[in-house]
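Please look through this structure with me, beginning with the whole chain and then turning to a few of its parts. Keep the sequence beside the 3D view as you read.

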Amino acid sequence: MDFVLVILFGAIFGSFLNMLIYRLPREQSIISPPSRCPKCGNLLKWYMNIPILSYLFLGGKCFYCKEPIPIRYLVVEILEVIVFLVCYLDWGISLNFFLYIWFFSASIGIFFTDLETLLIPDSFSILSLIPAIGIAILRGNLIESIIVAAVIFLLFYGVSVITNGGMGGGDTKYSISMSCFLGVFHSLFGFFTAFLLGSVFGVIFRICGIIKKGEPIPFGPFLVLGCIISYGFGDYFIRLYLSLF
């Protein structure tokens, strides 16, 4: 029964997160109006807004105008179900469970918001920082995490100044959350992974013409990927690296 409830709440929260991803960067109210089609503006009835199922039943199109609904809506809801399940299996229903789903949900929001709009709203930055600090406190290395966060912040800020805004303010703020969440060594590995992925895919996107010369590349998604990879596989790669010496 707990398993079913976790899946249900994960899907529901995924639907809520989709609304935040759409409205926060556009500075729209998250309270009103109710859910509506972003293309035709028609309000959605309750049965058109059932997480995951409505997207599948409607064939990925608006019931009214038949315009395609971005696949992001389905992907985010499925990802949230996965986040809720993984955190439940790791922590059960506990304080850690709520802090981790909070952080990962905010990170998913940052990933897709930056990908779509090249913006990371301060709201998402704050939403990621609060649980990250809580996790660092429970882990017992808040001071060390803050020191790393300060160093990384200065590094990102310096890059932003040197490149005349090449590194966004949202990236810099999320780096603080990431440092607190991962801790000292894992955050360093996470940032290395993010820069590596950003460089590799940046070159690939340029060569394939997906992103043209002079167009900015959102770095937030790579930071989120680096954070997740470090959280899941950081121990293995750090041990592998240390074994070389």
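The paragraphs below go from the overall fold to one helix, and then to some single residues.

The model shown here is a predicted one, and that should be kept in mind for every value that follows. In this model the chain has nine helices and zero strands, and from the N terminus on its elements run α-α-α-α-α-α-α-α-α. The radius of gyration of the chain is 19 Å, close to the 18 Å that the globule rule gives for 245 residues, so the chain is as compact as a globular protein of that length. If a box is drawn along the principal axes, the C-alpha atoms of the chain fill roughly 60 × 50 × 30 Å.

How much of the chain is buried? Buried residues make up 42% of the 245 residues, where buried means a relative accessible area under 20%. The surface that the chain exposes comes to about 13700 Å², and carbon and sulfur atoms supply 73% of this area. The contacts can also be sorted by distance along the sequence: of those with a separation of 6 or more, 67% are accounted for by residues 24 or more positions apart.

Helix 7 is a good place to look in detail. This helix covers residues 169-182, and because each residue should add 1.5 Å, its 14 residues should span 20 Å; the C-alpha atoms at its ends are indeed 20 Å apart, which agrees. Helix 7 is mostly covered, since eleven of its 14 residues are buried. Among the buried ones are Gly170, Asp171 and Thr172 in the earlier part of the numbering, and Cys180, Phe181 and Leu182 in the later part. Which helices help to cover these buried residues? The cover includes helix 4 (95-117), helix 5 (122-139) and helix 6 (142-162), together with helix 8 (184-208) and helix 9 (220-242). Just after helix 7 comes Gly183, which takes a positive phi of about 90°.

Two residues from other helices can be set side by side. Ser54 lies in helix 2, which is made of residues 53-57, and Ser54 counts as buried because its relative accessible area is 4%. Leaving aside residues up to four places away in sequence, Ser54 touches Tyr47, Met48 and Asn49, and the side chain of Ser54 reaches the backbone nitrogen of Asn49 at 3.4 Å. Val75, by contrast, is found in helix 3 (residues 72-91), and because its relative accessibility is 31%, Val75 counts as partly exposed. Val75 and Val4 are 71 residues apart along the chain, and their C-alpha atoms are separated by 19 Å.

The cysteines make a last topic. A disulfide is a covalent bond between the sulfur atoms of two cysteines. How many disulfides does the structure hold? The structure holds zero disulfides. Cys62 is in none, and the nearest cysteine sulfur to it, that of Cys37, is 3.6 Å away, whereas a disulfide calls for sulfur atoms within 2.5 Å. Cys62 is buried, with a relative accessible area of 4%. Cys87 is in no disulfide either, and the nearest cysteine sulfur there, that of Cys227, is 12 Å away. Cys87 is likewise buried, because its relative accessible area is 4%.

Conventions
Residues numbered from 1 in each chain as written. Predicted model: local features only at pLDDT ≥ 70, side-chain atom pairs only at ≥ 80, totals over all residues. Heavy atoms only, no water. Helix = DSSP H or I, 4+ residues; strand = E, 2+ residues; numbered from the N terminus. Expected span 1.5 Å × (residues − 1). Buried < 20%, exposed > 50% of the residue type's maximum accessible area, 1.4 Å probe, protein only. Contact = heavy atoms within 4.5 Å. Polar contact = N/O pair within 3.5 Å; in protein donor to acceptor, adjacent residues only side chain to side chain. Rg over C-alpha atoms; globule rule 2.2 N^0.38 Å. Areas by Shrake-Rupley, 256 points an atom, 1.4 Å probe, with all protein chains shown as cover.
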